[in-house]
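Got your viewer open? Let's take a short walk through the charged side chains, one selection at a time.

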Amino acid sequence: MDFNVKRLATEAGLFLTRAVQFTEEKLWQSEKTNLDQDFENLTVRADCTKHWTEKILRQTEILLQPNPSARIEEFLYEKLDMKAPSRITNSELLGQHMEDAAKEFGLESPYGSTLVKVGECERRLGAVEKDFIQTADISFLSPLRNFLEGDCRIISKERRLLENLRLDLDACKTRVKKAKAAEAKVAVVPDFQETRPRNYVLSASASAAEQELKTAQKEFDRQAEVTRLLLEGISCTHVNHLRCLHEFVEAQAAYYRQCHLHMQDLQEELRRLPGGFAQNSSQNAPPPSLPEPESVSSPVETLTIEEVQAPASGTRKAKVLYDYDAADCSELSLLADEIITVYTMPGMESDWLVGERGNQRGRVPVTYLELLS
């Protein structure tokens with residue numbers, strides 16, 4: 001019990017001394033021991049590394065798991081050292097809903113059979129996403145967490161200890177300075193009436209203060225060297241994080257590559273299904289280049305488009321695939337998805353047809369049309 005009380009009193013006195021020294025430094029009443037510029041640069045680099053590592057880690061976690069509730073749940077399981085239950089991905093859930101809907105609509109119907117194919121593909125995409133999340137967590141997120149929870153905490157602890165030892169060192173310097181000033185003052189004006197010379201007492205006090213200063217200086221130098229070695233290890237941390245970043249990029253590239261392959265396979269399967277819309281997929285492609293019209297002397301110009309009469313037979317309906325702006329008065333402007341009547345005219349180029357829309361008539365390019373039966 002006595003030992004604990006003494007220890008508590010010693011720690012309280014040490015805390016008070018440091019508080020006084022810190023306050024005097026803030027009030028510019030005491031000198032402060034400054035570390036060299038190289039050490040300060042290492043400190044700034046360590047703080048910068050910690051700051052941006054925390055941001056990168058947090059944003060990567062959001063990328064892999066956008067649901068904040070799920071992230072909190074995984075965090076709690078990790079802190080409790082328990083294995084988190086397997087969670088179904090959004091793609092897998094979508095695929096499951098599509099397959100259930102297909103059973104309701106009928107597996108033999110065009111819509112139902114297509115839902116089954118897309119649902120299976122979504123399940124495969126969900127499995128690929130799970131593999132990517134697991135790989136990214138092991139190869140990228142775990143090293144970042146280990147750095148923040150391991151090296152960063154050790155560096156912070158050693159820096160706090162170094163700061164406390166610096167306060168102790170500066171407090172010792174202040175005591176030595178005051179003791180020497182008092183000793184010099186007594187040496188100039190001695191007091192011969194005292195039974196014990198004051199300069200003798202002050203000399204002993206100055207010697208004790210100098211001894212404490214040497215001890216504090218030694219402890220401070222040793223701690224500064226330990227902290228410097230830890231800060232210099234940040235360079236190795238950057239090399240390690242660089243390697244992890246390359247592994248993350250490789251995992252992400254493999255994930256998107258597999259997703260692309262699955263989607264290509266799905267497109268091929270949908271093209272083979274009856275009643276699909278794969279034949280119209282060319283609508284998403286850029287408009288084809290128009291053929292160059294024939295010269296003015298071509299036979300089509302011998303008869304103006306207004307003079308052409310629709311034949312009694314041979315007309316067909318056509319669906320416009322792309323918007324088209326007429327180049328001159330002999331052509332007909334088109335709007336995508338509209339239905340027009342088309343037919344051929346004697347002497348007209350094979351890449352052109354005559355199109356009619358109500359009372360409007362003009363030449364239209366075949367490449368912009370889908371002939372309907």
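**Stop one: a strand and a loop**

Start by selecting Arg-357 and Glu-338: their side chains meet in a salt bridge, with 2.9 Å from N to O. Keep in mind as you go that this is a predicted model. Now colour by secondary structure and look at where each partner sits. Arg-357 belongs to strand E3 (residues 352-357), while Glu-338 is in the loop between strand E1 (316-320) and strand E2 (339-343). The two are 19 residues apart, and the pair links distant parts of the chain.

Turn on the surface next. Which of the two counts as buried? Glu-338 does, at 16% relative accessibility, because the cut-off for buried is under 20%. Arg-357 is partly exposed, with a relative accessible area of 26%.

**Stop two: Arg-145 and its acids**

Jump to Arg-145 and show the side chains around it. Glu-61 forms a salt bridge with Arg-145, and the closest N and O atoms are 3.3 Å apart. This pair, too, links distant parts of the chain: Glu-61 is in helix H2 (residues 37-64) and Arg-145 in helix H5 (residues 110-188), with their positions 84 residues apart.

Add Asp-137 to the selection. Asp-137 also forms a salt bridge with Arg-145, and here the closest N and O atoms are 3.2 Å apart.

Is Arg-145 buried or exposed? Arg-145 is buried, with a relative accessible area of 16%. Its two acidic partners get a different label: Glu-61 is partly exposed at 26%, and Asp-137 is partly exposed at 27%. They earn that label because partly exposed covers what lies between the 20% and 50% cut-offs.

Before moving on, zoom out. How many salt bridges does a search of the whole structure find? The count is 14.

**Stop three: a positive patch**

For the last stop, select Lys-50, Arg-153, Lys-157 and Arg-160, and switch the surface back on. Together these residues form a positive surface patch. Which element gives the largest share of the patch? That is H5, which supplies 3 residues.

Finish by clicking on Lys-157, which lies in helix H5. Lys-157 has a relative accessible area of 55%, so it counts as exposed, the cut-off being over 50%. Helix H5 is also where you found Arg-145, so leave both residues selected if you'd like to view the buried arginine and the exposed lysine together.

Definitions and conventions
Residues numbered from 1 in each chain as written. Predicted model: local features only at pLDDT ≥ 70, side-chain atom pairs only at ≥ 80, totals over all residues. Heavy atoms only, no water. Salt bridge = Lys/Arg side-chain N within 4 Å of Asp/Glu carboxyl O. Helix = DSSP H or I, 4+ residues; strand = E, 2+ residues; numbered from the N terminus. Buried < 20%, exposed > 50% of the residue type's maximum accessible area, 1.4 Å probe, protein only. Patch = residues over 30% accessible without salt bridge, like charges linked within 9 Å, V, L, I, M, F, W, Y side chains within 5 Å. Areas by Shrake-Rupley, 256 points an atom, 1.4 Å probe, with all protein chains shown as cover. Lys, Arg positive; Asp, Glu negative; His and termini not counted. Charge placed at Lys NZ, Arg CZ, Asp CG, Glu CD.
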